[in-house]
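Please go through the model below with its side chains displayed. The paragraphs that follow take up one buried charge, then the backbone, the salt bridges and the surface.

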Amino acid sequence: MRLSGRRVLVVGASSGVGRATGLAAAAEGARVAFAARRLDRLEVAAAEAGRDAIAIECDVADEVACQAMVARAVDHLGGLDAVVYAPGIAVFKGLADLETAEWRQVLDVNLLGATAVARAAISHLESTRGKAVFVTSISIDDQPPRASCAPYVVSKIALEALVRAWQGEHHKVGFTTVAMGDTITEFSAGQDPTVIGPIIQRWVQEGYLYGQVMEADAIADQIVGALASPATVRRIAITPPFGDVDVAEVSPG
């Protein structure tokens, strides 16, 4: 029970990596607040997790909603020892076809929502010398960047820089980024095959994909490990198909 008694807020917890992380944290003894937009799914996850877990509806693109979400989690859990930020959306279009509104949509969720949640939670995490984990992607290391995926890649590159900036200003909190490899989630499975099919085929031809993907549980296991570690794990990169892990840097807690 590596997280026994810990109070953990998981954002983006209605499906995919977020949901898997919330359930894995509860299985390790944590009390978990599951937060996302789809309340019905959150309630199912919270019931499955047990341990007095709570479901909190929140749109991370709304800063006021992020503040209310953190306040409710703190009130229910009696404090906060960790936050996991897992939301991620993408628009699959070439740069010449992308509209400004589509860029804003992705940046609002993948980047600005992350800093809104961090801002709302930072005082609570500092009081407990807690941890904050943000899910990014190994796609940010692809050169050149994957075609037709620019808003997602740019937002995740910026998220890595954002987390370093938060760490630089708030030394009492352990900040970690988890760069996940290509993973089977509802997000990827729900794309229009007539749109995403040719794009994935191009990625394969350019050497970015080899038909190897991971399950969300593999990412969740590494996130829980980072939360349980007595040290602050700065960055974890996880590659398919078996979740091979590269820990870029570890500093004393």
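At 3.0 Å from the backbone oxygen of Ala-226 lies the side chain of Lys-131. A second backbone oxygen, that of Ser-229, is 2.2 Å from a polar atom of the Lys-131 side chain. Polar contacts are pairs of N or O atoms within 3.5 Å; within protein, one must be able to donate a hydrogen and the other to accept it, and residues adjacent in sequence count only if both atoms are side-chain atoms. The model is a predicted one, in which local features need pLDDT of at least 70 and side-chain atom pairs count only at pLDDT 80 or more, while totals for chains, interfaces and linings use all residues. Residues are numbered from 1 along each chain as its sequence is written, and side-chain values use heavy atoms, with hydrogens and water left out.

Lys-131 belongs to strand 5, residues 131-137. Helices (H or I, at least four residues) and strands (E, at least two) are DSSP runs, numbered from the N terminus. Which side chain of opposite charge is nearest to Lys-131? It is Asp-81, 11 Å away, and Lys-131 is buried yet has no salt bridge. Here buried means under 20% relative accessible area, exposed over 50%, and partly exposed in between (1.4 Å probe, protein chains only). Lys and Arg count as positive and Asp and Glu as negative; His and the chain ends are not counted. A salt bridge requires a side-chain nitrogen of Lys or Arg within 4 Å of a carboxyl oxygen of Asp or Glu. Asp-81 is nevertheless among the residues that Lys-131 touches, and others include Val-83, Leu-125, Val-173 and Pro-230; contact means heavy atoms within 4.5 Å.

The backbone has some points to check. Most residues other than glycine have a negative phi, and most peptide bonds are trans. Arg-129 has a positive phi of about 50° although it is not a glycine. Arg-129 sits in the loop between helix 4 (100-128) and strand 5, and is exposed at 55% relative accessibility. Asp-52, also not a glycine, has a positive phi of about 65°; its place is the loop between helix 2 (39-49) and strand 3 (54-57), and it is partly exposed at 43%. The peptide bond from Gln-143 to Pro-144 is cis, with omega near -5°. Pro-144 is in the loop between strand 5 and helix 5 (150-169).

How many salt bridges does the structure hold? There are 10. In one of them, Glu-28 pairs with Arg-2, with the closest N and O atoms 3.2 Å apart. Glu-28 is in the loop between helix 1 (16-27) and strand 2 (31-36) and Arg-2 in the segment before strand 1 (7-11), so this pair ties together parts that are 26 residues apart in sequence. Glu-48 bridges to Arg-19 at 3.0 Å between the closest N and O atoms. This pair links distant parts of the chain, Glu-48 in helix 2 and Arg-19 in helix 1, 29 residues apart. Lys-93 and Glu-102 meet at 2.7 Å, N to O; Lys-93 is partly exposed at 30%, whereas Glu-102 is buried at 15%. Salt bridges that share partners join Asp-141, Glu-160 and Arg-235 into one network.

On the surface, Val-245, Val-247 and Val-250 form a nonpolar patch with about 210 Å² of accessible area together. Val-245 is in strand 10 (residues 244-251) and is partly exposed at 36%. Patches are made of residues with over 30% relative accessible area and no salt bridge, like charges being joined within 9 Å and nonpolar side chains (Val, Leu, Ile, Met, Phe, Trp, Tyr) within 5 Å. Accessible areas come from the Shrake-Rupley method with a 1.4 Å probe; for residues, only the protein chains shown count as cover.

Notes. Lists of a residue's contacts leave out its neighbours within four places in sequence.
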